[in-house]
Amino acid sequence: MAGSLTTVSRADSSHALEDLLELVADGDRAAFALVYDKVADMVYGLARRVVVDRDLAADVAQEVLVDVWRKAHMFDRTRGTALAWIGVMTRRRAVDLVRSVEASRRRDTNHTAVPEPPDPVAEMIVESAERSAVQRAMGQLSDLQRESVELAFYGGLTHREVAERLAVPLGTVKTRIRDGLTRLSGAMEAFARE
Amino acid sequence: MSEMHDLAAFYAIGALEGGERTAFETHLDNCATCRAEVAELSPGVEMLTLAIAEPAPAELRARVDAAVDRIAGPNPVGLEAPVIPIGSTAALWRVAAGVAAAAALVLAVAYTSTAGDAQFGSDVAAVLAATDATVVQVAGSDVGNARFVYSNELGRGVFSGSSIPSLAGGRTYQLWLIDEDGPSSLGLFAPDDDGGSAVVVEGDVRRGAVLGVTNEPEGGSDQPTGPVLLAVDL
């Protein structure tokens, strides 16, 4: 099927993101438009959190969304959810950009900048219907869990960098992240059932 | 902590990179326990993603659609093409047709141009003039003399070749970009009467990517299946 638009009945907004990606992999632009509706704000928000600058965040968001089109056929449902796949893809693109910007800044000025620790997620801007659920979920994490999860995801640090930053063993970071994600997973599933 | 299993949570949250990430992905192919753990932690990563949503700028949708149009839209063109000389570099010829049939399989951007197309000529010139323009050349390969010039700043590259051998009937050349996620098709090409060809691609070429050319059945393939004729580290 060469880039043809399928009829609307094949792709509608009640479809799960995973199912829409399957249609996108077949070249379905209508499905892709629905994917955009569902995820664009999250992709942009995550990019903004990592790169800060609005224009760069928009560039990252554009590249990620185009990558979703290009790589939809690579999404594997058995490896996790579609939104997590898109979230991790966004994080990676944003972190790559930050690093290359920092690298050229270092080259230009011969100044070795120490990356600033990211601010904790003090304010989350989401649809009001979801806001309290998300804030409750994040509030369920212990401070240590939240710290490691935020450094690894929003801070874009590798697992070793998180351990170095916190001056704790890698195994400790693993436990905090795993337990934190487990709690968030539970909250996500409860939220999805509402 | 050296066990693969201990890396599952890091992988799920996206904190594994490069070689470790690739090694873990290979491990996942063979470890149901780790697959289960990654899948279980995945809704937690969803929560982190949706927690940070912020209204995207209004013009983002149009930008994304325009970029996808260029990937998804076939732009067939005739085989006859005058030479378009670009400065002192090798002349570039138009890409042969054959993209239309493979549009569903062409996942990254390629577009072709018509003779004297100012857009094509200026796009190529822009790539060559970009401050981060990078050139990769291979002479005397199985695909002839190949050259790939790209600029990540502009998000565009030009693959061109000369002295490209004709293929047997029912076969085509296919251009690939192989990055950490695997191979993505950049399009099909075939030599014109003078043995030349050119493909303009858009998107960024990340460090560590490999540009490849394989010999595929006419219409191209989802994944490389035929003999690898060229593989160049970018």
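# Questions on chains A and B

Reader: What relative accessible area does A:Arg178 have?

Author: In this predicted model, A:Arg178 is classed as partly exposed, a label kept for values between the limits of under 20% for buried and over 50% for exposed. The relative accessible area that puts A:Arg178 in this class is 29%.

Reader: Which residue meets the side chain of A:Arg178 in a salt bridge?

Author: The pair must bring nitrogen and carboxyl oxygen within 4 Å of each other, and here the distance from N to O is 3.7 Å. The partner is itself partly exposed, with a relative accessible area of 29%. Its name is A:Asp179.

Reader: Which residues of chain A are joined into one network by salt bridges that share partners?

Author: Elsewhere in chain A, some salt bridges have partners in common, and these link several residues into one network. Its members are A:Glu63, A:Asp67, A:Arg70 and A:Arg93.

Reader: How many residues apart in sequence are the parts that A:Glu22 and A:Arg77 tie together?

Author: The side chains of A:Glu22 and A:Arg77 form a salt bridge of 2.7 Å, N to O. A:Glu22 belongs to helix α1 (residues 17-25), whereas A:Arg77, in the loop between α3 and α4 of chain A, comes from another stretch of the chain, so the salt bridge links parts whose separation in sequence is 55 residues.

Reader: How far apart, N to O, are the side chains of A:Asp76 and A:Arg79 in their salt bridge?

Author: Both partners are partly exposed, A:Asp76 with a relative accessible area of 31% and A:Arg79 with 23%. Their side chains meet in a salt bridge whose N to O distance is 3.9 Å.

Reader: What area is buried between chain A and chain B?

Author: The two chains touch through 72 residues of chain A and 62 residues of chain B. Carbon and sulfur atoms give 62% of the area buried between them, and that area comes to about 6100 Å².

Reader: Which three residues supply more of the area that chain A buries against chain B than any other three?

Author: Together these three residues account for 12% of what chain A buries against chain B, and no other three supply as much. They are A:Arg70, A:Arg79 and A:His159.

Reader: How many salt bridges does the rule find across the interface of chain A and chain B?

Author: One that may be looked up in the structure joins the side chains of A:Arg54 and B:Glu54 at 3.6 Å, N to O. Over all chains the structure holds 19 salt bridges, and the number found across the interface of chain A and chain B is ten.

Reader: How many strands does chain B have?

Author: Chain A is built with eight helices and zero strands. In chain B the order from the N terminus is α-α-α-α-α-β-β-β-β-β-β-β-β, so that its five helices precede its strands, and the number of strands is eight.

Reader: Which residue's side chain is joined to that of B:Ser221 by a polar contact?

Author: B:Ser221 sits in the loop between β7 (210-217) and β8 (228-233) of chain B. Its relative accessibility is 9%, and because buried means under 20%, B:Ser221 counts as buried. The polar contact has a length of 2.6 Å, and the partner of B:Ser221 is B:Glu216.

Terms used. Residues are numbered from 1 along each chain as its sequence is written. Chains are lettered from A and ligands numbered from 1 in the order in which they are written. This is a predicted model: local features need pLDDT of at least 70, side-chain atom pairs count only at pLDDT 80 or more; totals for chains, interfaces and linings use all residues. Side-chain values use heavy atoms; hydrogens and water are left out. Contact means heavy atoms within 4.5 Å. Buried area is the accessible area (1.4 Å probe) that two parts lose on being put together, summed over both. Helices (H or I, at least four residues) and strands (E, at least two) are DSSP runs, numbered from the N terminus. Buried means under 20% relative accessible area, exposed over 50%, partly exposed in between (1.4 Å probe, protein chains only). A polar contact is a pair of N or O atoms within 3.5 Å; within protein, one must be able to donate a hydrogen and the other to accept it, and residues adjacent in sequence count only if both atoms are side-chain atoms.
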